[in-house]
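Visitor: Could you take me on a close look at one part of this protein, the second largest cavity? I am new to structures, so please go step by step.

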Amino acid sequence: MTRPRIAVVGAGIGGLATASALTRAGFDCVVFERADGPPRTGGGIQVPPNAVRALHEIGLGDAWEPVAAVPSARVLRRWADGCELGRTPLGTVVRQRYGLPYWAMRRADLWRELRDAVPNIHFGRECAAVLRSAGAIELIFADGSRYAADFAIGADGLRSTVRRALTGATNPARFSGHTVHRATVAPAVASSLASVVTVWLGPGQHAVCYPVGRDGTLNLVATTPGRRPGNPLAAYAGWDPVLRSLLAATSPAAHGLYHHPLPYWGTGRVALVGDAAHAMLPFLAQGAALAIEDGVVLADLLRRTGSFAGYADVRRSRVERVATLVNAGDHDYHLPDGVAQRKRDARLRNGGPAFLDWLYGWSPADRRPVVYP
């Protein structure tokens, strides 16, 4: 029997992870990417143990050990003075509890290893339309060329062409009310922060920094309310001087934060992964992790059943639970000083690692039990 041909639209983290999982499962898979070549920017990315477990499923779980940082903790701090509000141990605690690390690295390093695991990628191929028939899928590209496949996977991000072809919705993304400013910070600027993930919580906005790789470079992400990029240093006037020193040492790039209010998984022979399916705000460091999980689940379903049937059933409750926690963070991270803020701070002081077992302890298709010490 001829093996099915599978087209993946999009060569981001989710698309390459999906293609790698499909290739490892023995399928013929081709990836089409509208950009002319590899991404030139991307900053940092956190790779929690559930994502590392998914990477192990596609044979790449050890690929990033030489380059990834392993933060020892996630530390939440008060906006004005940097006072510690709560601390979640990572590092050795996470490895002992889940058997896998919590990594932080350059996004380009994650992307590069995934790309090297995918044999068939075509850059400069922008998908403009998707035609469906009873037994096949046809991709139509902006240059007029076409590609016929048995299955197609949309991994083409927030404003997915594949999603639009399935739903008819021209722009399902919704503005979150936040602009995000991203930059990398040289090691010498704040070496005291190079071993932890630090989050400053404050009225209407928050900021995060964490190490990327082993050289002490930090990735800095700061939100501001509204659509106008503005000057983040001015927006963070009166905040912790440590955070302000990071902002002063950089020239962050800014863009609006958008999300999908409702996930959409695809239909028939076409499925969606990552932001194309369920774009959410980056307040839990799970966007790329969920995309990698999606790809592993899809490849496993296709290997076992020959179809995408059941994909939404496997993924829906987990993704919606993550989205609920992210949306709660959108509220809790940005409380003004007052009664609600003090109650939040009390909760943060009493948190523990077991709270995240359901998140970090995920296993592919949730078929294998995970036992926690």
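Guide: Happy to! Let's begin with what surrounds the second largest cavity: by class, its lining has 5 nonpolar, 2 polar and 4 charged residues. Keep in mind as you look that this is a predicted model. Its mean pLDDT is 91, and 96% of the residues reach 70 or more.

How do we know about empty space at all? Rolling a probe the size of a water molecule over the atoms shows where such space is left. In this structure there are 2 cavities of 30 Å³ or more, and the second largest one holds about 40 Å³ of space.

Now find the residues around it. Among the nonpolar ones are Trp-79, Leu-85, Leu-201, Pro-203 and Leu-335. Charged residues in the lining include Arg-78, Asp-337, Arg-344 and Asp-345, while Gly-202 and Gln-341 count as polar. Two elements, strand β13 (197-202) and helix α11 (339-349), each supply at least two lining residues. The largest share, 3 residues, comes from α11.

Once you have seen the cavity, turn to a pair of helices. The axes of α2 (residues 49-57) and α9 (residues 287-305) come within 9 Å and cross at roughly 30°, and the crossing is left-handed. On the α2 side, Asn-50, Ala-51, Ala-54, Leu-55 and Glu-57 take part, and they meet Ala-289, Ile-292, Glu-293 and Val-296 of α9. That contact has 6 nonpolar, 1 polar and 2 charged residues.

Step back along the chain from α9 and you reach the loop between α8 (275-278) and α9, where Ala-285 lies. Most residues other than glycine have a negative phi. Ala-285 is not a glycine, yet its phi is positive, about 55°.

One last stop calls for care: over residues 367-373 pLDDT stays under 50, and the model has 15 contacts beyond four places in sequence for this stretch. Where pLDDT is low, the predicted coordinates should not be read in detail.

Methods. Residues are numbered from 1 along each chain as its sequence is written. This is a predicted model: local features need pLDDT of at least 70, side-chain atom pairs count only at pLDDT 80 or more; totals for chains, interfaces and linings use all residues. Side-chain values use heavy atoms; hydrogens and water are left out. Axes are lines fitted to C-alpha atoms, for helices over the stretch in contact, and angles run from 0 to 180 degrees between N-to-C directions. Helices (H or I, at least four residues) and strands (E, at least two) are DSSP runs, numbered from the N terminus. A crossing is left-handed if the near helix is turned anticlockwise from the far one by less than a right angle, and right-handed if clockwise. Contact means heavy atoms within 4.5 Å. On a 1 Å grid over the protein atoms alone, a cavity is a set of points where a 1.4 Å probe fits but cannot get out, and a pocket is an open set with protein on both sides within 12 Å along at least five of seven lines; lining residues have an atom within 4 Å of a point. Grid points are joined across faces, edges and corners, and a volume is the space filled by probe spheres set on the points. pLDDT is the predictor's confidence in each residue, from 0 to 100.
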